[in-house]
Structures are given as structure tokens and as C-alpha cells.
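New to this one? Take a look at the structure below, then read on for a quick tour of its contacts.

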There are 2 protein chains.
Amino acid sequence: MGRPREFDADDALQTALELFWRKGYEGTSITDLTDGMGITKPSLYGTFGNKEELFRAALERYEQNYMAFFWKALEEPDARSVARNVLYGFADAQTCDCNPSGCLGINAAMGCSEAAEAVQKTIIERRTIGHKALTRRFERARREGDLPSDINPEDLARYILTVSQGTAVQAASGVGREEIYRLVDIAMRSWPGSN
Amino acid sequence: MGRPREFDADDALQTALELFWRKGYEGTSITDLTDGMGITKPSLYGTFGNKEELFRAALERYEQNYMAFFWKALEEPDARSVARNVLYGFADAQTCDCNPSGCLGINAAMGCSEAAEAVQKTIIERRTIGHKALTRRFERARREGDLPSDINPEDLARYILTVSQGTAVQAASGVGREEIYRLVDIAMRSWPGSN
DNA sequence: GCTGTTCTATACCGATCGGTATGGAACGTC
DNA sequence: GACGTTCCATACCGATCGGTATAGAACAGC
């Protein structure tokens, strides 16, 4: 029933995702989106609702397609491997030649006007979810004797994620993968009992 | 000669600095600025040139008034104290109740449109200057036997600055000073010979 | 008090922002 | 082949973007 759409909604969403990733939420205009996706404004609004809904769809796709390593890393047998895989997983995602540099969440949510507060809040919530999951994984490691009992799992998780957010800034400003790898090696030296 | 201006240019610049710090370069509109500074558009343009020049003036003031600790830290006698002072200095600046949260350079330069490319580039250059200065300080420390000779000063400097950029993201998303202090303590454990 | 200069207030500029109304083109169904 | 439905193209909407022209108000020097 009805005329079929002339574009692939999945391809279009992928393009929107990459644009938001590269230029942020407010830095990407509707014209940027329609030009990049190769569709017209009514098609965009008809298919994706509005700019904010499109961004949320892109964010969800981003998490499923590029942040899957994080949840996978939590299944590593020991806490040190979890931390390593998280750090290197972020480093890889942020410096892949086939992706924009840096992190979608950070590029999109920093320094935006009041109009983007809802989007900003959502991204901070997502970060909090990741922090809580990593904290729980480290709590388990401590119960299992995998981490010293004087370690605070919440602080350790925040440290790992903070380094990853820092590498996102580095990557966004053009620092390459090899440099970031070496930096992550140094970060891992802070691991309990490393030296 | 001529009518004297009815506002204090220094106060106005300070207000602009705080607005840019809080909402970024593109996230802060001219109306935000004039409203906050309590002046009209012609006064703003007459005094500061245009938005970009005003931002550059605010950035310079920011570095002089809020980033002075960094250059001071380089004068510490040993490399470990340098690193500690840099990390805690950033943490303090990013989480002071009297300032906006986070870092002006990061809030302003992440995820902006092509229109802000020149500003973005300037901020990245400033970061590079800081990285080079810290690298040279660590090179000196290595020569002085203050750091092991198998340490790469450039990578170590990048690690310290990356953690600080990560804490800027944390602070901007509402994480408090005490949490960031504890995270910095963990980061310092990666220091050569700490454990 | 006049003049020249500098500031401020208002109103305005074209461009772009996110979003939509309208009309015609392309389909599946009957 | 007419019909209802869906999609696309164009043109448009009010609001806001960064920036400015114009005109009057407030001063210093003479």
C-alpha cells in the first residue's frame, strides 16, 4: 500500500550517526543531515520524527554497533582483563579509520546550549549506566579475591572510564591510535599490584 | 575625548569567559553574551570586535587566570610532584564552586560545526603547547635521573593530560571534586616506581 | 556653548535554524 | 483504470543566528 520510499532507512540512519559523531548534536544541522543522507526534509521528518528523535535512534545504533565491546569486556574472567579490554576497546572505536574520531557521546554532549539539555542529560545517564556496570563487575572481582579488598570498585571504574573519556578528547583532536595505545599501557600500570 | 563607556570591559570579559566556559563557543549566542554582560550588541562589537575575537580574548584570560597552576607545576623539583600538581590543579579548576564545571577548552571545542573550525584549531594548538612543555619537563627529569630511562616522556605527559581531559568530562557531567580526587589518586599509582 | 568624538539604543540586515503545508508522483488493491 | 495511501519535491513558516546602519546621548577640548 502506498508509494515505497526511495532510500534505505538503515543506511540513512548510519549516515546520520556518523554526522552526529563527527560534528556533535547541535553542530549538525538538518541541512547537513538531509544532504548527507541524500533525502529531503519531509522524508527525514516522516521517517525519524524530528532531530532529537533521530539523534536518539543514532545513539542507540551507536551503542549497539560500536560499544558492544564494553559489555563483552565485562565477561572477561579477571578484573584486569576487563579493564584492559575496556580501555583498548574504547581506543579502537575512537581511532578507527572507518569511523569519525573520538566518541559520539562526548562530541555530542559537551558545550551545548540550553536547547540540547535533554540530549545532554540522556548521554550523561548512559555514561552512568556504564559506570555502574563496571563498578559491579569490580565489586564481584573483589568478592572473588581478584581485587584487593582495600580497593574501592566505584573509584577504580571511574578511573578507567575517565581515561577512556580523555582518550576520546585526544582522538577527536587528531592523536593517532599508536600514541593512544602507549598511553593506555601507562594507565594500566596503575592497576593494583602491577609494579 | 568622547563619551565614556558605561560598563567595565574587564567585568564584561569575565562574564563572557564564564558563559563560554559553561556553554561552549557555539552553544553561547550573542544574545546570551549581551544579556549576561549587561551591554548591547553595538557595545560588544565596538569593544571586542566580533564573537570569535571575544572568545579568543576570553581564552587568553582563562589561561592566565585559571591555568597558571600548570606552568607553576612545571617548576616543582621532581617529576612526580609536577604530575601531582598538574592533575590536582586541573581537578581543582574543573570543580571549583565559583567556576563553571569542566574545562573551557573542552567544553568549547568538542562537536562543533565547520563554522567554528578556526576556534577548534586554536584550542588544539594550545593543548599541544601544554603537552610539549610537560614533555620537556619530563625529559629533563629523565636526564636528571628523576625518571627511569626506559620511560617515554612524551607518552607520560600525554597520559597525565589525558587523565585531566577525562576529569574535565567527568566534572562537566556533574561528578564532584572528592570523587575526582580519588580517581586522580589512582592515576598517580601508575607513576614509575609507585608500587 | 559649540564642536568633534565616542558611546548607547533601536531597528534592521541576510542567512540559517528546526520544522511544516501543499501538491504531485508512484505504488498496491479492487 | 479509478482509488486510497504513501512518499517525494518545493516552497514556505516563525525564530534565531552573527553582525551592522542610523540616530541620539554623553562626554573633552576649546
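What follows is a walk around the two DNA strands and then the place where the chains touch.

## Around DNA strand C

Keep in mind that this is a predicted model. Start with DNA strand C, which has 23 residues around it. The closest come from both chains: R3(A) and S29(A) on one, and G2(B), R3(B) and S43(B) on the other.

Which helix gives the most to the surface near DNA strand C? That's α3(B), with four residues. Chain A joins in through α2 (30-37) and α3 (41-48), each supplying at least two residues. As for the mix, this surface has eight nonpolar, eight polar and seven charged residues.

## Around DNA strand D

Now hop over to DNA strand D, surrounded by 24 residues. Coming nearest are G2(A) and R3(A), along with R3(B), S29(B) and K51(B). Two or more residues each come from α3 of chain A and from α2 (30-37) and α3 of chain B.

Here α3(A) has the largest share of the surface, at four residues. Sorted by class, the residues near DNA strand D are nine nonpolar, eight polar and seven charged.

## Where the chains meet

How many residues does each chain bring to the contact? Chain A puts in 37 residues and chain B 39 residues. On chain A's side, α7 (104-109), α8 (117-143), α9 (153-172) and α10 (177-188) each chip in at least two residues.

The top giver on that side is α9(A), with 12 residues. Chain A's touching side splits into 13 nonpolar, 16 polar and eight charged residues.

Definitions and conventions: Residues are numbered from 1 along each chain as its sequence is written. Chains are lettered from A and ligands numbered from 1 in the order in which they are written. This is a predicted model: local features need pLDDT of at least 70, side-chain atom pairs count only at pLDDT 80 or more; totals for chains, interfaces and linings use all residues. A residue is near a molecule or strand if its C-beta atom, placed from the backbone, lies within 6 Å of it. Ala, Val, Leu, Ile, Met, Phe, Trp, Tyr, Cys and Pro count as nonpolar, Asp, Glu, Lys and Arg as charged, and the others, Gly among them, as polar. Two residues are in contact if their C-beta atoms, placed from the backbone, lie within 7 Å.
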